[in-house]
Amino acid sequence: MSVSLFARLPRTALYNLTTRGISTTAPLFHASSQEKIKRELTEDEKQLIAEIIRVDQAGELGANRIYQGQIAVLGRDKKLRPLLEHMLDQEKHHLATFNDLVAQYRVRPTFLWPMWSVAGFALGAGTALMGKEAAMCCTEAVEAVIGNHYNDQIRELLKIDHPDVEKLRPILKQFRDDELEHLDTAVEHDAHKAPLYNALTQVIQQGCKTAIFICKKV
């Protein structure tokens with residue numbers, strides 16, 4: 001209630017308000033939650049966010065390079081190429097987003113950026129040379145790890161009540177859903193028919209988990 005509204009009240013009503021300790025000049029309503037003063041993130045929270053952004057930027061770089069390697073080998077397949085290009089376009093968007101977040105939060109990118117670039121392309125091209133089923137097996141294995149990894153990060157961020165985190169969580173959720181869409185696409189396109197499917201899946205997934213662990217710190 002503003003001062004102008006108080007001015008319209010009868011004198012007896014104003015007297016009743018003031019005798020009860022209610023100011024007739026100050027607003028009666030508190031600021032909305034959106035107007036709350038933003039607190040500083042703790043050092044542990046800053047470190048967690050930095051690790052998330054650094055690891056995910058590196059992961060999206062690797063994903064871009066995997067699909068580029070697959071397209072380099074399987075690009076002449078008229079049925080497969082549009083699928084690979086669609087997934088690559090989504091990964092390009094993911095990487096661009098994390099590049100922006102790295103700048104926004106002043107996060108140090110991984111020192112192993114050149115290594116992940118080469119390794120990602122080699123993994124994509126190498127599995128594609130084994131056949132399109134092996135390429136899809138690679139996609140399924142990688143996206144399964146990344147989907148679970150995004151879920152772990154989202155659960156960690158749910159513990160932090162801060163406006164910056166509230167903006168970051170939806171990004172991770174959308175990117176997780178995109179990765180799981182890629183996984184489903186790979187399964188639908190005969191990933192399980194790949195030669196040495198189980199062994200290939202285990203090797204690729206262990207490599208992804210190791211890369212995630214290293215990028216948190218390096």
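**View 1. Glu179 in helix α7 of a predicted model**. Glu179 sits in helix α7, which runs over residues 163-188. The model shown is a predicted one. Glu179 counts as buried because its relative accessibility is 1%, and the cut-off for buried is under 20%. Which residues does Glu179 touch, not counting residues up to four places away in sequence? They are Glu60, Glu91, His94, Glu143, Ile146 and Tyr150.

**View 2. A "binding site" feature at Glu60, Glu91, His94 and Glu179**. UniProt, in an unreviewed entry, places this feature at these four residues. They span 120 residues in sequence. Even so, no two of their C-alpha atoms are more than 10.3 Å apart, so the residues gather at one spot. Glu60, Glu91 and Glu179 are included in the lining of the largest pocket.

**View 3. Glu60 in helix α3**. Is Glu60 buried or exposed? With 2% relative accessibility, Glu60 counts as buried. The residue belongs to helix α3. Not counting residues up to four places away in sequence, Glu60 touches Glu91, His94, Leu95, Phe98, Tyr150 and Glu179.

**View 4. A "binding site" feature at Glu91, Glu143, Glu179 and His182**. This feature also comes from UniProt, in an unreviewed entry. Its residues span 92 residues in sequence. No two of their C-alpha atoms are more than 11.5 Å apart, so they gather at one spot. From this set, Glu143 is part of the lining of the largest cavity.

**View 5. Glu91 in α4 and Glu143 in α6**. Glu91 has its place in helix α4. Its relative accessible area is 0%, so Glu91 is buried. Glu91 touches Glu60, Ala63, Asn64, Tyr67, Glu143, Glu179 and His182, not counting residues up to four places away in sequence. Glu143 has its place in helix α6. Glu143 is buried too, because its relative accessible area is 2%. Leaving aside neighbours within four places in sequence, Glu143 contacts Tyr67, Glu91, Glu179, Leu180, His182 and Leu183.

**View 6. The largest nonpolar core**. This core has 39 residues. Those with the most contacts inside it are Ile49, Ile53, Phe98, Val142, Leu157, Leu172 and Ile204. Which helices each supply at least two residues of this core? They are α3, α4 (80-105), α6, α7 and α8. Helix α6 gives the most, with ten residues. Leu157 touches Leu48, Ile49, Ile52, Val165, Leu168, Arg169 and Leu172, not counting residues up to four places away in sequence. A second, separate core has twelve residues, among them Leu74, Met87, Ala186 and Ala191.

**View 7. The two sides of helix α8**. The buried residues of α8 are Tyr197, Leu200, Thr201, Ile204, Cys208, Ala211, Ile212 and Cys215. They cover an arc of only 100° around the axis, so they lie on the same side of α8. Why can residues three or four places apart point the same way? An α-helix has 3.6 residues a turn, so such residues do. The buried residues of α8 pack against α3 (43-74), α5 (113-129) and α6 (132-157). On the other side of α8, Asn198, Gln202, Val203 and Phe213 are exposed.

**View 8. Helix α8 from end to end**. This helix covers residues 197-215, 19 residues in total. At 1.5 Å a residue, α8 should span 27 Å. Its end C-alpha atoms are 27 Å apart, which agrees.

Notes:
Residues numbered from 1 in each chain as written. Predicted model: local features only at pLDDT ≥ 70, side-chain atom pairs only at ≥ 80, totals over all residues. Heavy atoms only, no water. Helix = DSSP H or I, 4+ residues; strand = E, 2+ residues; numbered from the N terminus. Expected span 1.5 Å × (residues − 1). Buried < 20%, exposed > 50% of the residue type's maximum accessible area, 1.4 Å probe, protein only. Arc of directions from axis to C-beta. Contact = heavy atoms within 4.5 Å. UniProt positions renumbered as here; feature names shortened; annotations may be inferred. 1 Å grid on protein atoms, 1.4 Å probe; cavity = no way out; pocket = protein on both sides within 12 Å on 5 of 7 lines; lining within 4 Å. Core = buried A, V, L, I, M, F, W, Y, C linked by side-chain atoms within 4.5 Å.
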